[in-house]
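Let's walk through what holds this protein's side chains together. Have the sequence and the 3D view open as you read.

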Amino acid sequence: MAQFEVIATPLAGLKLIRRRCSEDSRGYFSRFFCAAELNAAGFSEPVAQINQTLTRRCGTVRGMHFQAPPHAEIKLVSCLSGRIFDVAVDLRRGSSTFLHWFGVELSAQNRESLLIPQGFAHGFQTLADDCELLYLHSTAYAPAAEGALHALEPRVAIDWPLAITEMSERDRQHPNLTSDFQGIEL
């Protein structure tokens, strides 16, 4: 039996992954990652890096980050505690959904993850205090390849569910897209 339900989103390649769960009086068991199953869903590279974050305050926004080629990455983002509004923005040059965004609530309770392909920016807003996330990356962090767009970029117009209470100084400094931005060539 498949351990994951893979749900397509309106943005090609971006998938919602729902972990199946076996539960009894002791608690539950759920597989977090399976290379064979998630390869079929689009995580087609080995896991190169795993990162964990804790965000303390409800309403905080982190992001919108990406890595440019040749260090473009696939990410699997999961919320281990708390609740977040997770967002991916299509930055792929020539994509029919270029600069479109998709957001979904991730939580420990819903056991869902967002599988984000190469060429997408990623960020999230906390919907509760003390949100802990786990990220699986197909490529190690490469500072020279890092890019970002501002979380309030008007050309994207993400509809954040809460007023933004906090954002890092670094994320606040991300510039808006220039009028000639044509996307990431993969």
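## Aromatic rings

Start with Phe43, which is buried at 2% relative accessibility. Here, buried means under 20% relative accessible area, exposed means over 50%, and partly exposed is in between, using a 1.4 Å probe and protein chains only. Its partner is Phe33, which counts as partly exposed at 26%. The two rings make an edge-to-face pair, 5.6 Å centre to centre with 85° between the planes. Rings of Phe, Tyr and Trp (its six-membered ring) pair if their centres lie within 6.5 Å; planes under 30 degrees apart are stacked, over 60 edge-to-face, and the rest tilted. Phe33 sits in the loop between strand 4 (27-29) and helix 1 (35-41), while Phe43 sits in the loop between helix 1 and strand 5, so the pair ties together parts 10 residues apart in sequence. (Helices, H or I with at least four residues, and strands, E with at least two, are DSSP runs numbered from the N terminus.)

The structure has 4 aromatic pairs. Another one joins Phe85 and Trp160: their centres are 6.3 Å apart and their planes are at 80°, so this pair is edge-to-face too. Phe85 is in strand 8 and Trp160 in the loop between strand 13 and helix 2, 75 residues apart. Both Phe85 and Trp160 are buried, and ring pairs link them with Trp101 into a cluster.

## About the model

This is a predicted model, where local features need pLDDT of at least 70, side-chain atom pairs count only at pLDDT 80 or more, and totals for chains, interfaces and linings use all residues. Residues are numbered from 1 along each chain as its sequence is written, and side-chain values use heavy atoms, leaving out hydrogens and water.

## Nonpolar cores

Which residues touch the most other members of the largest nonpolar core? Met64, Val89, Leu91 and Trp160 do, out of 18 residues in that core. A nonpolar core is a set of buried Ala, Val, Leu, Ile, Met, Phe, Trp, Tyr and Cys residues joined through side-chain atoms within 4.5 Å. Strand 6 and strand 8 (83-90) each supply at least two of its residues.

Apart from this core lies another, with 17 residues, including Leu16, Leu106, Leu114 and Tyr135.

## Salt bridges

You'll find 11 salt bridges here, each a side-chain nitrogen of Lys or Arg within 4 Å of a carboxyl oxygen of Asp or Glu. One of them joins Glu112 and Arg18, with the closest N and O atoms 2.6 Å apart. Glu112 lies in strand 10 (residues 112-116) and Arg18 in strand 2 (residues 15-19), so the bridge ties together parts 94 residues apart in sequence. Glu112 is buried at 8%, whereas Arg18 is partly exposed at 30%. Add Glu5, and you get a network of salt bridges linking Glu5, Arg18 and Glu112.

Arg170 and Glu146 form another bridge, with the closest N and O atoms 2.4 Å apart. Arg170 is partly exposed at 47%, and Glu146 is partly exposed at 30%.

## Cysteines without disulfides

How many disulfides does a search of the whole structure find? It finds 0; to count, a pair of cysteine sulfur atoms must be within 2.5 Å. The sulfur of Cys58 is 7.3 Å from the closest cysteine sulfur, in Cys131, so they are too far apart for a bond. For Cys131, the nearest cysteine sulfur is that of Cys79, 5.2 Å away. Cys131 is buried at 0%, while Cys58 is partly exposed at 25%.
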